[in-house]
Amino acid sequence: MKLKQRVVLLAILLVIFIFTKVFLIDNLDTSAANREDQRAFHRMMASLHVELDPRLDHTLQSPWEIAAQWVVPREVYPEETPELGAVMHAMTTKKIIKADVGYKGTQLKALLILEGGQKVVFKPKRYARDYVVEGEPYAGYDRHNAEVAAFHLDRILGFRRAPLVVGRFVNLRTEIKPVATEQLLGTFMTVGNNTCFYGKCYYCRETEPACADGDIMEGSVTLWLPDVWPLQKHRHPWGRTYREGKLARWEYDESYCDAVKKTSPYDSGPRLLDIIDTAIFDYLIGNADRHHYESFQDDEGASMLILLDNAKSFGNPALEERSILAPLYQCCIIRVSTWNRLNYLKNGVLKSALKTAMSHDPISPVLSDPHLDALDQRLLSILATVKQCTDQFGPDVVLVEDRMTLSHL
């Protein structure tokens, strides 16, 4: 064999060796990543049920200090949280030392300060569990139970980007009115035998108060994020116009995602994949109202999209608002870890897991059975959407590996 032929043969063999090695390494890495995803899923399932227990035997810190230390740029709370029950117990039992109107927004809420100085947002009950909100997918009042359910779904999906939420009953006459600011107190009234208030917000009206059952009001409390982590508000690239007859660009331009990918912070970093995760989360809960979103300030796109304000959810179990999934089906990308988790949750596992996770809550049952059934049906729609993408572009393009090491040191 001539020297030139030998060189060519060696070159071919070298290329084959390199490709084989890369292929094997990639397969090993993917397999290892998939095994870790499966282990993480089993850890989550094992810790689903959270007992609201006040004991913190292994630390002298307060529940508020513990929860504040959990927060890092990519998580609100860590995967393993043995103190979660104690923090949530404090949220639902600690004495209210001050009550004020809620922070600015469109919906009724109250800002409470609990013993120890911890802020929480209280959202009152407006609907019975089986009430169906008709009309647009973003219609109706906020649903307090939706906030509770959305928090536990965040746990189940492994995102850990939603602030802690738990149900709570408050006595408006003995717990709220004595510590209420004049601004909040001025919105209290009595309707029949029930104590009511209407608060201060864009849509708050004296003619549409939230009323307790006598003096006892059911609601949800959301833990305020630590002040050392100021928030930055962003317009959601797939936000709606909320104007009849006027469509947003994403609603008529199928190539819209290509334009989004060229703009900061979606041109690099994890933010676009966070948008995709959030679209999946919102589709499952039926939330079509995420016109803006928050991240931590000055993060240059590196921190997570925080799953705040999930109360416009679980309004109509029969409605599947496919447009919520637009970021997914227009961009046709999804995190491998998210894809794996969704597959682990099919065949009724999602409904069962969420029901178990919420069973400890003081306002349980949190959701009606039709809403729980709807979750499993919507999950099938998400899986079918990803399959359409992989059929069109191939799994190597659609399934994106994006795992970030998280630190709670």
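## Exercises: Asp 289 and a five-stranded sheet

The side chain of Asp 289 makes a polar contact with the side chain of Tyr 242, at 2.6 Å. Keep in mind that this is a predicted model.

**Exercise 1.** Place Asp 289 in the chain and decide: is Asp 289 buried or exposed?

*Solution.*
- Step 1: Find the loop. Asp 289 sits between helix H8 (271-285) and strand E10 (292-296).
- Step 2: Check the accessibility. Buried means under 20% relative accessible area. Asp 289 has 19% relative accessibility, so Asp 289 counts as buried.
- Step 3: List the contacts. Leave aside neighbours within four places in sequence; Asp 289 then touches Tyr 138, Tyr 242 and Lys 312.
- Step 4: Look at the record. An unreviewed UniProt entry annotates Asp 289 as "active site".

**Exercise 2.** Work out which strands stand at the edges of the open sheet.

*Solution.*
- Step 1: Write down the order. The five strands run E1-E2-E3-E8-E4, with antiparallel pairing.
- Step 2: Look for strands with a single partner. These are E1 (96-101) and E4 (165-171), so each has one side without a neighbour in the sheet.
- Step 3: Add the twist. Neighbouring strands are turned by 35 degrees against each other on average, direction ignored.

**Exercise 3.** Examine the pairing of E3 with E8, then find what lies across E8.

*Solution.*
- Step 1: Recall the principle. Strands of a sheet pair through backbone hydrogen bonds.
- Step 2: Count the bridges. E3 (residues 118-124) and E8 (residues 216-223) share five, in the antiparallel sense.
- Step 3: Pick one pair. Pro 124 has Gly 219 in E8 as its bridge partner.
- Step 4: Find the helix. H3 (residues 84-93) lies across E2 (110-114), E4 and E8. Helix H3 runs at about 25 degrees to E4.

Key: Residues are numbered from 1 along each chain as its sequence is written. This is a predicted model: local features need pLDDT of at least 70, side-chain atom pairs count only at pLDDT 80 or more; totals for chains, interfaces and linings use all residues. Side-chain values use heavy atoms; hydrogens and water are left out. Two strands pair if DSSP finds at least two bridges between them. Helices (H or I, at least four residues) and strands (E, at least two) are DSSP runs, numbered from the N terminus. Axes are lines fitted to C-alpha atoms, for helices over the stretch in contact, and angles run from 0 to 180 degrees between N-to-C directions. Contact means heavy atoms within 4.5 Å. UniProt positions are given in the numbering used here, feature names are shortened, and annotations may be inferred rather than shown by experiment. Buried means under 20% relative accessible area, exposed over 50%, partly exposed in between (1.4 Å probe, protein chains only). A polar contact is a pair of N or O atoms within 3.5 Å; within protein, one must be able to donate a hydrogen and the other to accept it, and residues adjacent in sequence count only if both atoms are side-chain atoms.
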